[in-house]
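This report introduces a protein structure to a reader who meets it here. Sheets come before helices, and a loop residue closes the account.

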Amino acid sequence: MRHNLFWKLALTFFALLLGVLVAVDFFAERALRDEYARTAFAQLESIARLAKARPPELSSVPPKTAEELAALNQWVSQWAAAGVRVTVITADGQVLADSQSDPRTMESHAGRPEIRDALSKGQGQSMRRSVTVNRELLYYATRYDTPSGIPVVLRFAAPLATVDETLASFRRKLWFASVFILLLAGAASLLVSLGFSERIERLKEFSRRVAEGDFRPLPGDGSGDALEKLGASLNQTASRLDRTIRTLTEERNLSSAILGSMVEGVAVVNGAERLVFANQSFAEILELDLPPKSGNALVEVVRQTEMIEAVRKVLRGEPRVESEIVTGTLRQHFFAATVAAVRAGETSGAVVVLHDITELRRLERVRRDFVANVSHEFRTPLTAIQGFAETLLAGAMDDPQNRERFLEIIVEHSRRLARLTEDLLKLSKMDADRLELEIRRVTVSQLIESCIETAQHRATEKEIVISVQPSDGVPDIAGDRRRLAEVLQNLLDNALQYTLSRGEILVSAKARDTEVVFTVADTGIGIPKADQSRIFERFYRVDAARSRELGGTGLGLSIAKHIVEVHGGRIWVDSEIGRGSQFHFTVPIFDAERAPRQTPAGVATRGTGRGFA
């Protein structure tokens, strides 16, 4: 482009200069020729005036005697000595005498323009090629009335050869000067074109850099002309464009980061039902193998007819549509799909937002199950109490043997109701974050011994051996001694309940990183794999009939899980059918150097504890 522009400018300047020089030469030659003709006509007029003042002696026209003809030829020769051609012509065009040709060989001159003008106006002039001498001549003719009263025309002519020679010399000088000027001007035009093309090339390179995202300013050249002002204007434009692009990029990155980090799935669909944007969560929610690309048809990506129909309703004009979709088969996930209309000018589309309500649906199910379980747990003892009470009132009070047995059953079921109510109150406090903990330094060996001492009597009755793995080297823990003892006691009670006679229970504790892991292992009946993930749920029982028979409420493990988690630990189980179970839970190690005391969020504390490790 640089060389193309350079040669365009250079050749344009050169052509313009050449055209000007040709025009100057043409018009200068014509002007010089015209000026020379005027001068020549003026000289011929002067000669004609002088010759007319001393006219030829013509007593008759044409001359009748040889003397008159000789006198006429002498007069013609005399005035021809002035360097002009002299011709005497009669009114009817006959040539009487001529200084350069024989009059007898010359044709009639009656039709010559200068002759006609001289006869009619007294004088005439013309510039034409002579037929007689075959040359370009300037003619001036004047009318002369002889003494006999017969008019004749005295014509004087000068050749144009002198003019042509003068013009040729002038043309040579003019063309030499023109070539010299052309070379100088051409060189100057080349330099100007080169500089101009280089500056244009700089502007072009700058615009290319701006198009590629390089917004460095273009340095000025100090010329102060329109091109430099154009460069300054382009610098301002590039600077504004840079700021605008940076702002848009930051907003786009921020929007992308926000949309990308959202748990909700977000997608934008245009009026042609094609995806314009979809974040990663949208693909994960719909369980797509590959993230959807912009331009994909909605029906190719989404298989949920409810969502497709909601999008179509919005595209048809509805401002907002809400629906619920379900994904998955074995593990279902529930999502609330909100589709809203988006319009920008003449462009319309829809924004799809998928909210995960799986946990909400699970909680609703848990609530329903909880209410049903509580109702069921309360109904059994209440039915028993009511039935035996009615039996006593119906006459069993008079039967000493059955009366005592019925009263013992009523007392047992009332105690069960009391335990169930107490456990429910505990769970209520935990759910409301109102569980009070006294965080203190607790010795692991003392905690285990106190719990085993409580369970030892029952273990002796069932002929179950409870053994303790030595824990002298285990560091102290930070927690509420009473609550932790409740957890460990619950695990021991479960182990005693589900371990057959002459079984074994092993209690151990060991340090790992910044926590102590407690383990209660038994040789009981074991827990199926399918139930291990749910045994910490409220009222969940692996064997409901056996659990109720043994007096369990179904809330012990759920309470234990809450207590362990508010201490900052976790609880889990490893079990095999027929080989027993191992329940594990962790508690943070006590750190005397940490201050102030730190407790898990949402837990009311009191006491003199120093903190967790």
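Which residue in S10 does alanine 336 stand opposite? Alanine 336 stands opposite histidine 355. The model is predicted, with pLDDT of at least 70 required for local features and 80 or more for side-chain atom pairs, while totals for chains, interfaces and linings use all residues. Residues are numbered from 1 along each chain as its sequence is written, and side-chain values rest on heavy atoms, without hydrogens and water.

Helices (H or I, at least four residues) and strands (E, at least two) are DSSP runs numbered from the N terminus. Two strands are said to pair if DSSP finds at least two bridges between them.

**Two sheets**

The table sets out the two open sheets.

| Strand order | Edge strands | Average twist between neighbours |
|---|---|---|
| S7-S6-S10-S9-S8 | S7 (275–278) and S8 (320–327) | 20 degrees |
| S2-S1-S5-S4-S3 | S2 (95–98) and S3 (123–129) | 20 degrees |

The sheet with the order S7-S6-S10-S9-S8 has five strands and antiparallel pairing. Within that sheet, strand S9 (residues 333–344) and strand S10 (residues 347–356) run antiparallel and are joined by 10 bridges.

The sheet with the order S2-S1-S5-S4-S3 is likewise made of five strands with antiparallel pairing. Its edge strands, S2 and S3, each pair on one side only. Strand S1 (residues 85–90) and strand S5 (residues 151–159) are antiparallel and share six bridges; valine 88 has leucine 154 in S5 as its bridge partner. Helix H2 (residues 66–80) packs on this sheet, touching S1, S2 and S5 (contact means heavy atoms within 4.5 Å). The direction of H2 makes about 145 degrees with that of S1, where angles run from 0 to 180 degrees between N-to-C directions and axes are lines fitted to C-alpha atoms, for helices over the stretch in contact. Helix H3 (residues 113–121) lies across S1, S3, S4 (136–145) and S5, and runs at about 175 degrees to S3.

S1 is also joined to S2, by three bridges in the antiparallel sense, with isoleucine 89 opposite valine 95 in S2. The hairpin of S1 and S2 has four residues between the strands, and glycine 93 takes a positive phi near 95 degrees there.

**Helices**

Helix H5 (residues 226–261) has 36 residues and spans 51 Å from its first C-alpha to its last. This is close to the 52 Å expected at 1.5 Å a residue, the expected span being 1.5 Å times one less than the number of residues. The buried residues of H5 are Leu227, Gly231, Asn235, Ala238 and Asp242; buried means under 20% relative accessible area, exposed over 50%, and partly exposed in between, for a 1.4 Å probe and protein chains only.

Helix H11 (residues 444–461) packs against helix H12 (residues 481–497) at an angle of about 35 degrees, and their axes are 9 Å apart. Among the residues that meet are Leu447, Cys451 and Arg458 in H11 and Leu484, Leu488 and Asp493 in H12. The contact residues comprise 11 nonpolar, five polar and three charged. Here Ala, Val, Leu, Ile, Met, Phe, Trp, Tyr, Cys and Pro count as nonpolar, Asp, Glu, Lys and Arg as charged, and the others, Gly among them, as polar.

**A loop residue**

Tyrosine 498 is placed in the loop between H12 and strand S15 (504–512). Tyrosine 498 counts as partly exposed because its relative accessibility is 23%. Its C-alpha atom and that of serine 581 are separated by 9.6 Å, although the two residues are 83 residues apart along the chain.
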